[in-house]
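Q: Please take a close look at one part of this protein, the sheet, and explain how its strands are arranged and what surrounds them.

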Amino acid sequence: GLSDRLPDISFHALWKAMQHDKKVIGGEVIGVWPTKIGEVVIRPLNKRLCQNWYDRLSTAKRSRSRAGGGRRSRSEVST
């Protein structure tokens with residue numbers, strides 16, 4: 001039931017909202033990254049890399065909208 005759509009907000013607004021998460025320590029957003037079943041790595045989320053990722057997804061979303069692509073199928077999302 002979770003959304004597979006990118007929220008229609010700016011990265012700045014998203015990052016600001018993330019600052020209220022329980023995993024923020026000393027102003028750093030801490031990520032829990034699965035490496036394999038039963039194992040995770042806990043590391044801070046780099047704001048610049050996160051913004052680059054968000055910007056690429058936002059650009060792709062706008063390109064699909066202009067091209068009439070709309071929503072992608074599950075197989076397209078997973079590849």
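A: In this predicted model, K36 has E39 as its bridge partner in β3. This pair belongs to a hairpin formed by β2 and β3, with two residues between the strands. One feature of the turn is G38, whose phi is positive, at about 85°. Beyond the turn, β2 covers residues 28-36 and β3 covers residues 39-44. The two strands run antiparallel, and six bridges join them.

The hairpin is part of a wider arrangement. Three strands make up an open sheet in the order β1-β2-β3, and their pairing is antiparallel. β1 and β3 stand at the edges and have a single partner strand each, so one side of each is left without a neighbour in the sheet. On the β1 side, two bridges join β1 to β2, and these strands also run antiparallel. Here V24 stands opposite V29 of β2.

Individual residues show how the strands meet their surroundings. I25 lies in strand β1, which comprises residues 24-25. Is I25 buried or exposed? With a relative accessible area of 57%, I25 is exposed, because the limit for that class is over 50%. From I25 to P44 the C-alpha distance is 9.0 Å, although 19 residues separate the two in sequence.

W33 is a residue of strand β2. Its relative accessibility is 40%, so W33 counts as partly exposed, a class that lies between the limits of 20% and 50%. Leaving out residues up to four places away in sequence, W33 touches E39, V40, V41, R43 and L45. For one of these, R43, the C-alpha atom lies 7.7 Å from that of W33, with a sequence separation of 10 residues.

V29 leads from the sheet towards the helices. When neighbours within four places in sequence are set aside, the contacts of V29 include V24, R43, P44 and L45, and also W15, M18 and Q19. V29 is also a member of the largest nonpolar core, which has seven residues. The other members are L6, F11, W15, V24, C50 and Y54. Two elements, α1 and α2, give two or more residues to this core. In soluble globular proteins, nonpolar side chains tend to be buried together.

Some residues of this core also line a pocket. The second largest pocket has a volume of about 170 Å³. Its lining consists of L6, P7, L14, M18, C50, W53 and Y54. By class, this lining has seven nonpolar residues, with no polar and no charged ones. Both α1 (11-18) and α2 (47-66) supply at least two residues of the lining. The greatest share comes from α2, with three residues.

Finally, the sheet can be placed within the whole chain. The protein has three helices and three strands. Read from the N terminus, the elements follow the order α-β-β-β-α-α. Of the 79 residues, 13% count as buried. Among contacts with a separation of 6 or more, 40% are between residues 24 or more positions apart.

Definitions and conventions. Residues are numbered from 1 along each chain as its sequence is written. This is a predicted model: local features need pLDDT of at least 70, side-chain atom pairs count only at pLDDT 80 or more; totals for chains, interfaces and linings use all residues. Side-chain values use heavy atoms; hydrogens and water are left out. Helices (H or I, at least four residues) and strands (E, at least two) are DSSP runs, numbered from the N terminus. Buried means under 20% relative accessible area, exposed over 50%, partly exposed in between (1.4 Å probe, protein chains only). On a 1 Å grid over the protein atoms alone, a cavity is a set of points where a 1.4 Å probe fits but cannot get out, and a pocket is an open set with protein on both sides within 12 Å along at least five of seven lines; lining residues have an atom within 4 Å of a point. Grid points are joined across faces, edges and corners, and a volume is the space filled by probe spheres set on the points. Ala, Val, Leu, Ile, Met, Phe, Trp, Tyr, Cys and Pro count as nonpolar, Asp, Glu, Lys and Arg as charged, and the others, Gly among them, as polar. Two strands pair if DSSP finds at least two bridges between them. A nonpolar core is a set of buried Ala, Val, Leu, Ile, Met, Phe, Trp, Tyr and Cys residues joined through side-chain atoms within 4.5 Å. Contact means heavy atoms within 4.5 Å.
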